[in-house]
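Please open the structure in your viewer and keep the sequence panel visible beside it. This tour suggests what to select at each stop and then describes what is there.

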Amino acid sequence: MVRALGPGSVSSLLKIALDVAYWALWILVAVVVGGFIFSFFIPLDQFDVTLDGPSGPVDAPLTRELIAYVLVFAVGYLLAFLFIVHRLRWVFRTLAAGDPFDLENVRRLRHIVFALAGVIGMQIAFGPLLSLIYPQSNVMLDVGDLVVPIFSVLTIFVLSEVVREGARLRHEQELTI
């Protein structure tokens with residue numbers, strides 16, 4: 001039977017996967033920032049970008065403003081995910097040690113909730129802010145795109161409360177003679 005907690009368990013395997021993802025995200029951030037710096041040395045005159053418009057695809061010239069805009073959002077997403085993965089690494093570190101009801105896990109899970117809410121806010125803001133740079137664009141967010149992220153935020157919030165209650169019960173049990 002496979003163990004979920006403790007050394008040599010599924011949680012310790014997931015912690016290793018999170019460690020790999022964490023460093024891969026840092027490499028991706030470096031590549032994106034390097035791409036942004038490299039974009040200043042490329043003449044953009046001959047490049048166009050296709051955007052969603054009100055009546056179909058719209059071709060628009062590729063500008064440094066658009067590159068900066070997209071890269072700011074990309075780096076924002078990556079940093080949010082780095083933050084989330086960093087907190088998850090610490091949660092899984094306690095799970096791999098066999099201590100799921102560490103009170104710090106409540107704080108870590110709540111930080112993850114706020115970071116995911118920030119990612120949802122970035123998703124909502126992307127289209128309207130893009131229309132400031134390219135008024136002919138019509139990038140609309142489908143409400144269905146928000147169902148899974150919002151459900152994730154609520155689920156992790158509930159899990160943080162479960163961990164908090166478990167930590168409280170464990171503390172009470174430790175005080176019992």
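Select Glu174 and Arg170 in helix α4, which stand four residues apart and are therefore separated by about one helical turn. Helices here are DSSP runs of H or I with at least four residues, strands are runs of E with at least two, and both are numbered from the N terminus. Glu174 forms a salt bridge with Arg170, and the closest N and O atoms are 4.0 Å apart; the term salt bridge is used for a side-chain nitrogen of Lys or Arg within 4 Å of a carboxyl oxygen of Asp or Glu. Side chains of opposite charge can pair when their charged atoms come close. Glu174 is exposed, because its relative accessible area is 52%, whereas Arg170 counts as partly exposed at 31%. For these words, buried means under 20% relative accessible area, exposed means over 50%, and partly exposed lies in between, with a 1.4 Å probe and protein chains only.

Before you move on, note that this is a predicted model, in which local features need pLDDT of at least 70 and side-chain atom pairs count only at pLDDT 80 or more, while totals for chains, interfaces and linings use all residues. Residues are numbered from 1 along each chain as its sequence is written, and side-chain values use heavy atoms, with hydrogens and water left out.

Keep Arg170 selected and add Asp99, since the side chains of these two also meet in a salt bridge, at 2.3 Å from N to O. This pair links distant parts of the chain, 71 residues apart, with Arg170 in helix α4 (residues 147-175) and Asp99 in the loop between α2 and α3 (103-133). Asp99 counts as partly exposed, at 25% relative accessibility.

Next, select Asp102 and Arg108, whose side chains meet in a salt bridge at 3.9 Å, N to O. Are these two buried or exposed? Asp102 counts as buried at 19% relative accessibility, and Arg108 counts as buried at 10%. Then show Lys15, Asp19 and Arg89, which are linked in a network of salt bridges; the count for the model comes to 10 salt bridges.

Now colour helix α2, residues 64-96, and compare its length with what is expected. The expected span of a helix is 1.5 Å times one less than its number of residues, so the 33 residues of α2 should span 48 Å, and the end C-alpha atoms, 46 Å apart, agree with this. After α2 comes Gly98, whose phi is positive, near 85 degrees.

Move to strand β1, residues 48-53, where Val49, Leu51 and Gly53 point to one face and are buried, while Asp48, Thr50 and Asp52 point to the other and are not. In a regular strand the side chains alternate between the two faces of the sheet. Strand β2, residues 56-61, runs antiparallel to β1 and is joined to it by six bridges, where two strands pair if DSSP finds at least two bridges between them. A hairpin through two residues joins β1 to β2, and the bridge partner of Asp52 in β2 is Pro57.

For the last stop, select Glu172, which lies in helix α4 and is partly exposed, with a relative accessible area of 41%. Add Leu116, which is 56 residues from Glu172 in sequence and 32 Å from Glu172 in space, C-alpha to C-alpha.
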